[in-house]
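Please open the model in a viewer and keep the sequence panel beside it. The tour proceeds by selections, each followed by a description of what is found there.

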Amino acid sequence: MLADASPVTRLIHTAPAPAGFASLTQPVHHASTVLFPSVHDHEIRDGFDETRYNYGLSHTPTTLPLSRAVADWEGGYNALLTPSGLSAVSLAMLSCLSAGDHVLIPSNAYVPAKILAKGLLSRLGITHTLYDPLIGADIESLMTPATRLVWVETPGSITMEVADLPAIAKVAHAHGAQVAVDNTWSSGSLLRVFEKGADLSVQALTKYHGGHGDLLMGAVVTADHAGWHRVRETSHEIGFGVSADDAFLVLRGMQTMALRLKHVGDVALSMANWLAARPEIQRVLHPALPSCPGHETWKRDFTGSSGLFSVVFDPQYDDAAIARFVDSLQLFGIGASWGGTASLALVYRAMRGKVAGQNGEPGGHIVRLNIGLEAEADLRADLLRGMSALHGA
Ligand SMILES: Cc1ncc(COP(=O)(O)O)c(C=O)c1O
């Protein structure tokens, strides 16, 4: 048939590849349009049915294995993919909340999640209250009849407090509210949120799943079918989709994620202990160290630690000294999106003094470190270079 068509038509309708090809990778299918074998098949299409295909936004043979792998790794029922971690935060919130509802958000949450609550959510008539991340069962005092969602991020983005998720979830459920956890720090594996009472988990796949600092993607993982159906509905309403090429890269990143996570976890802990003994460092905010708020909860609930932690410098070091420290680092880049192969350091100037020293004394500047895959000895040498610059050398 194609042989009779004009050359212009044959540019569009190329010959199909023969069946029977097998390789070690998932196929990369680029699709907006999905073709149906008959009018009947088109008429019975259903974007919720993962045994068939509907439209590029719903799922493809590339995105379906990825959403299942993400859910599987975390022990969830299923997952929805989104174009970034932040859009996974908004999808989770928008799928749980309507006008008149109230959401509780920890004060140490990823800043754009708080901006979302202050901006879009409040414009939609959804109110929020910030809570102390170490509040535990006392969250009871903040629950209102309108509270439909308790947001948890543990450990907290910069200051690393570890929340008592089981206690919070118990109270939330007793009030008929849902619990969503930003579980990106643990990659979904070091804290089994669904065993601790979460209804939804949010992952920035940008971090450990992608693992190389070269893409953006997120996921909302659900505990059960009902949650998945609701999040899927909201995702369809908004129209979130992800690129096939990025989905392929995340699938590839996930193949080495367990090894990377173990390595950066070991090196970060070793570096955290080393930094704790440095005179320039007042306090190390690493959940596996007793100096981190919520450390006892981390010991009870987590099975390990990842590669992101913060340090509080002695308050004698001013803005200029801390900038000298970070600027002189040659291996630690100055950048935000952690979880990749390269080490990073970020100073949070506005957070200066926000975390007290270990004995309650006034705290200094906070610098957050992402440990990458470089040799540990080289990373230590780099930090020592930074310490010399800090002292003005
Ligand atoms: C804890 C946490 N959640 C969510 C996000 C958002 O991820 P993305 O950068 O993919 O939007 C980030 C990004 O830094 C994060 O640190």
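The stops below cover the sheet, the helices packed on it, and the aromatic pairs.

The model is predicted: local features require pLDDT of at least 70, side-chain atom pairs count only at pLDDT 80 or more, and totals for chains, interfaces and linings use all residues. Residues are numbered from 1 along each chain as its sequence is written, and side-chain values use heavy atoms, with hydrogens and water left out.

**The sheet**

Display the strands in cartoon form; helices (H or I, at least four residues) and strands (E, at least two) are DSSP runs numbered from the N terminus. An open sheet of 7 strands appears, in the order S1-S7-S6-S5-S4-S2-S3 and with mixed pairing; two strands pair if DSSP finds at least two bridges between them.

Next, select residues 78-82 (S1) and 127-131 (S3), the edge strands. Each has a single partner strand, so one side of each lacks a neighbour in the sheet. On average, neighbouring strands of this sheet are turned by 20° against each other, direction ignored.

Move to residues 200-204 (S6) and 218-222 (S7), which run antiparallel and are joined by 5 bridges. Within this pair, alanine 204 lies opposite glycine 218 of S7.

**Helices on the sheet**

Select H3, which packs on the sheet and touches S1, S6 and S7; contact means heavy atoms within 4.5 Å. The direction of H3 makes about 125° with that of S1. Axes are lines fitted to C-alpha atoms, for helices over the stretch in contact, and angles run from 0 to 180 degrees between N-to-C directions.

Then select residues 85-96, helix H4, which also packs on the sheet. H4 touches S1, S2, S4, S5, S6 and S7, and its direction makes about 160° with that of S6.

**Aromatic pairs**

The structure holds 6 aromatic pairs. Rings of Phe, Tyr and Trp (its six-membered ring) pair if their centres lie within 6.5 Å; planes under 30 degrees apart count as stacked, over 60 as edge-to-face and the rest as tilted.

Show the side chains of phenylalanine 48 and tryptophan 228: the ring centres are 6.5 Å apart and the planes stand at 90°, so this pair is edge-to-face. Phenylalanine 48 lies in the loop between H2 and H3, and tryptophan 228 in H7, 180 residues apart.

Buried or partly exposed: which describes phenylalanine 48? Phenylalanine 48 is partly exposed at 24% relative accessibility, and tryptophan 228 is buried at 3% (buried, under 20% relative accessible area; exposed, over 50%; partly exposed, in between; 1.4 Å probe, protein chains only). Add Tyr77 to the selection to display the aromatic cluster of Phe48, Tyr77 and Trp228.
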